[in-house]
Amino acid sequence: MGISRIVRTPTAVSSDAFFFEKDKSQSILVLGVGNYLMGDEGVGVHLIQQMADKPLPEGVDILDGGTGGFLLLNCFEAYKTVIFVDATMDGQPAGTISLIRPKFAADFPTALSVHDVGLKDMIEAVYLMDVKPDIHLFTISVDGVTPMTVELSPEVEAAIPETIKQILTLIAGLQGAFTTTS
């Protein structure tokens, strides 16, 4: 008997209206970024796909940001809290999970993977906005990028369930802090 997997119909977002049709200011966005076709570089996207198969707390949205760059700016306007997930080539062993609380674009790791320029430029733009979201960045260390494959290395793939666990723990803490301060 094989493992059954929930099949969901993907939602294509073709306009900014998706982020503004409902008030998202009290919601948390988990945003996985990366290039799915570049092996470990796509770990953020793989993580979001796995989260899509799990029950999530009320008020939590997930988004496969791919290599969206500036196209993701609307997310930062709509959500008060954004949790990023991305690969990094930081010299740590593959599969190492880190949580960074960047206050400025310069606080992001200097060695974010192949979409480094687009992501850094987008973050620079976020910090120029009037209202800045509370950003949490989970990075998963990778050894390199393998073009034209969707396969993850065993170490990086093994880090996904633990990263999801850490994200859900962070969300519980953030939601608990929100309810006690509202």
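What pattern does the chain follow when read along the sequence? In this predicted model, the order of elements is α-β-α-β-α-β-β-α-β-α, and the secondary structure comes to five helices and five strands. Of the 182 residues of the chain, 42% count as buried. Among the contacts between residues at least 6 apart in sequence, 80% join residues that are at least 24 apart.

The five strands form an open sheet with mixed pairing, in which the order is S2-S1-S3-S5-S4. The edges are taken by S2 and by strand S4 (97-100), each of which has a single partner strand, so that one side of each is left without a neighbour in the sheet. From one strand to the next, the twist averages 20 degrees.

Within this sheet, strand S1 (residues 28-33) pairs with strand S2 (residues 60-66) in the parallel sense, over six bridges. Between these two strands the chain passes through helix H2 (residues 43-51), and the resulting β-α-β crossover is right-handed. Two residues of S1 illustrate the register with S2: Leu31 has Leu63 as its bridge partner there, and Gly32 has Asp64. S1 also pairs with S3, again in the parallel sense, and here five bridges are found. Leu31 takes part in this pairing as well, its bridge partner in S3 being Phe84. Leu31 is thus bridged to Leu63 in S2 and to Phe84 in S3. Further along the sheet, S3 runs parallel to strand S5 (residues 134-141), to which it is joined by eight bridges; one of the residues involved is Ala87, whose bridge partner in S5 is Ile140.

Strand S3 (residues 81-88) is largely enclosed by the rest of the structure, because eight of its eight residues are buried. In a regular strand the side chains alternate between the two faces of the sheet. In S3, Thr81, Ile83, Val85 and Ala87 point one way, whereas Val82, Phe84, Asp86 and Thr88 point the other way, and all of these residues are buried. Burial in this strand therefore applies to the residues pointing in either direction, with Asp86 and Thr88 on one side and Thr81 on the other, and it is on this basis that S3 counts as largely enclosed.

Phe84 of S3 also enters into an aromatic contact. A search of the whole structure finds one aromatic pair, formed by Phe76 and Phe84, with the ring centres 5.6 Å apart and the planes at 35 degrees, an arrangement classed as tilted. Both of these phenylalanines are buried.

Helix H2, the connection between S1 and S2, lies across S1, S2, S3 and S5 and runs at about 135 degrees to S1. Seven of the nine residues of H2 are buried, so this helix, too, is largely enclosed by the rest of the structure. The buried residues of H2 are Val43, Gly44, Val45, His46, Leu47, Ile48 and Met51.

The loop that leads from helix H1 (17-20) into S1 contains Ser27 as well as Ser25, and the two serines can be described in turn. Ser25 has a relative accessibility of 25% and therefore counts as partly exposed. The side chain of Ser25 is joined to that of Asp23 by a polar contact of 2.7 Å. Although Ser25 and Tyr79 are 54 residues apart in sequence, they are 4.9 Å apart in space, C-alpha to C-alpha. When residues up to four places away in sequence are left aside, Ser25 touches Ala78 and Lys80.

Ser27, by contrast, has a relative accessibility of 13%, and because buried residues are those under 20%, Ser27 counts as buried. With residues up to four places away in sequence again not counted, the contacts of Ser27 are with Gly59, Asp61, Tyr79, Lys80 and Thr81. Lys80 is therefore touched by Ser25 and also by Ser27. Among the residues that Ser27 touches, Asp61 falls within S2 (residues 60-66) and Thr81 within S3 (residues 81-88).

Terms used: Residues numbered from 1 in each chain as written. Predicted model: local features only at pLDDT ≥ 70, side-chain atom pairs only at ≥ 80, totals over all residues. Heavy atoms only, no water. Pairing = 2+ DSSP bridges. Helix = DSSP H or I, 4+ residues; strand = E, 2+ residues; numbered from the N terminus. Right-handed = clockwise from strand over helix to strand, strands pointing away. Buried < 20%, exposed > 50% of the residue type's maximum accessible area, 1.4 Å probe, protein only. Contact = heavy atoms within 4.5 Å. Phe/Tyr/Trp six-rings, centres within 6.5 Å; stacked < 30°, edge-to-face > 60°. Axes fitted to C-alpha atoms, helices over the stretch in contact; angles between N-to-C directions. Polar contact = N/O pair within 3.5 Å; in protein donor to acceptor, adjacent residues only side chain to side chain.
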